[in-house]
Amino acid sequence: MSRSPLPRIAALSQLPKALTGIDGLDEITEGGLPQGRPTLVCGSAGCGKTLLGVEFLVRGILDYDEPGVLMTFEETAAELTANVASLGFDLVQLQTDKKLRLDHVHVDRSEIAETGEYDLEGLFIRLGYAIDTIGAKRVVLDTIESLFSGFPNEAILRSEIRRLFRWLKDKGVTTVITAERGDGTLTRQGLEEYVSDCVILLDNRVIDQITTRRLRIVKYRGSTHGTNEYPYIITEDGISVLPVTSLKLEHSVSNEIVSTGVADLDTMFMRGGLYRGSSVLVTGTAGTAKTTLGAAFALEACRRGERCLIFAFEESPAQLLRNMASVGLNLAPFVESGQLLIEASRPTISGLERHLVTVHKLIGRFKPQSVVIDPISNLVSVGSISEVSSMLTRLVDFLKVEGITALFTALIGSSHGQEMGEDGISSLVDVWIHVRDLEGIGERNRGVSILKARGMAHSNQVREFVVTAQGIRLLDVLVGPAGIITGASRLAQGMQEQAQALADQQETERRDRELERKRRVLEATIANLRTEFESVEEELRRVTSEEEERQLTLRQDRRQLGQNFSTRPAAGPNGSAE
């Protein structure tokens with residue numbers, strides 16, 4: 001029996017969502033919170049639950065023209081207004097503009113006489129009036145524990161919680177409800193997370209004396225979402241969540257080539273430089289000119305007319321400018337013109353998340369085409385290896401999405417060899433340049449090699465380089481019997497080669513002189529032979545001439561004799577002429 005094909009199902013519409021306007025949160029939720037449904041935000045004290053709710057309202061009003069109602073059960077309206085004013089949120093002005101209703105409801109358990117009919121009907125009337133007055137689309141209730149503190153009867157409590165969430169859904173408002181985390185449960189009552197359509201868990205933990213905040217979406221009905229823990233921070237601009245910027249690796253690429261800032265180093269790449277928008281890692285031990293390479297890269301970017309941003313974790317701006325000027329890299333004019341910005345701070349001044357947010361904000365404000373971070377290995381002092389790797393992954397992805405050419409320097413121990421030790425991002429970057437010490441007889445020299453360059457061929461040589469008063473200069477490769485020759489051995493080899501060249505030149509000159517002497521002897525011999533030949537030739541000509549004259553004379557004499565004989569008279573019988 002054959003089965004009839006199933007009817008083709010039309011594409012289902014996606015769940016309507018309301019953008020929060022909170023940096024990074026909309027990306028994790030894939031479009032915002034469920035529109036017209038309640039979202040539970042839970043966490044322990046100091047996580048920023050109230051702030052997240054307030055920012056959700058303020059961003060909705062300012063960015064999406066959606067009025068909101070904030071009903072608080074702990075802080076008074078004046079206290080809350082003063083607390084969020086430092087973040088630039090003017091709640092008083094928003095209330096004046098009829099965009100926000102701020103209502104404080106005081107709940108005191110001692111004043112409540114519980115009866116079997118006690119419920120939240122009065123709250124619904126009060127909240128409904130506030131919503132209808134300004135046409136609110138968003139609501140925040142902070143916090144639900146204070147609201148339900150007057151319900152010692154668990155049966156009534158559970159019933160009223162369900163009723164509250166159903167009432168909010170029926171009103172069609174996008175609601176954020178904050179709740180305190182319970183012991184072993186997401187909330188103290190252990191029920192709110194089950195009736196909520198979306199649950200966001202905030203966590204504030206201290207590891208190695210460093211405070212780190214994490215956000216995780218526990219559930220989201222009807223929608224996919226990010227499932228990992230995402231770090232977030234609270235800054236003067238509000239909450240910033242730090243997701244991986246480009247999970248699908250769909251950022252655009254460029255075929256334009258930019259210089260590394262060292263002309264000799266550019267020749268080691270087949271295309272004569274780096275692809276624009278690529279990420280470059282420069283690793284090496286201490287004293288191998290990593291910072292100098294980064295400064296040369298920044299200087300070349302400024303010379304091209306681009307903006308460049310340097311994050312320095314070891315040197316102050318003044319010290320960096322002075323040190324680079326001593327090797328011919330004068331960055332000061334570009335700093336003065338505003339084309340180059342140096343942001344210097346110790347890594348321990350804040351956690352990894354704040355450093356990442358600082359990078360994001362400065363890049364958004366300064367709009368650079370090139371970024372230098374020197375060195376990323378110092379970040380290990382404020383986080384574990386895995387945390388640093390995660391942070392750098394986010395940073396590299398962010399820079400790629402923005403099309404920014406980035407150069408990172410990293411300090412590695414000599415025992416690590418060519419393997420990245422602490423930060424482990426060598427697989428993330430497009431170009432890996434390694435600088436190292438080349439130890440010779442009683443001296444240290446510097447060498448540079450390219451370990452990888454995605455998308456182009458490159459040299460496999462280890463090139464010795466020197467830092468001069470005019471910048472970095474790569475030396476020609478000099479190979480001896482035991483391998484590459486560097487340092488004093490290079491000088492000795494050069495002197496030896498010069499001596500050998502002089503000896504070869506002298507030998508050549510001697511051979512030329514010997515050849516010239518032989519040529520002259522040969523020419524003299526040829527001249528003597530020619531003279532002797534001429535003498536013999538002349539003698540032969542003389543003898544030949546004399547012989548010819550003798551023969552001519554002989555012929556003439558014979559002819560004359562014949563003539564004389566033919567003209568003599570014939571003799572008679574007696575011998576006399578007749």
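**Exercise 1. Find how many bridges join strand β21 to strand β22, and in which direction the two run.**

Solution. Take β21 as residues 463–468 and β22 as residues 471–474. Four bridges join these strands, and they run antiparallel. Strands here are DSSP runs of E with at least two residues, numbered from the N terminus; helices are runs of H or I with at least four. Two strands pair if DSSP finds at least two bridges between them. Next, look at the connection: a hairpin of two residues links β21 to β22. Finally, pick one bridge: V467 has I472 of β22 as its partner.

The model is predicted, so local features need pLDDT of at least 70 and side-chain atom pairs pLDDT 80 or more, while totals for chains, interfaces and linings use all residues. Residues are numbered from 1 along each chain as its sequence is written, and side-chain values use heavy atoms, without hydrogens and water.

**Exercise 2. Place T143: which loop holds it, and is it buried or exposed?**

Solution. Start with the elements: T143 sits in the loop between β6 (138–142) and α6 (144–147). Then check the cover. The relative accessible area of T143 is 3%, so T143 is buried (under 20%; exposed is over 50%, partly exposed in between; 1.4 Å probe, protein chains only). Now list contacts (heavy atoms within 4.5 Å). Leaving aside neighbours within four places in sequence, T143 touches F73, E74 and T178.

**Exercise 3. Describe the whole protein: how many helices and strands does it have?**

Solution. Count 15 helices and 24 strands. Of the 578 residues, 45% are buried. Among contacts with a separation of 6 or more, 69% join residues 24 or more positions apart.
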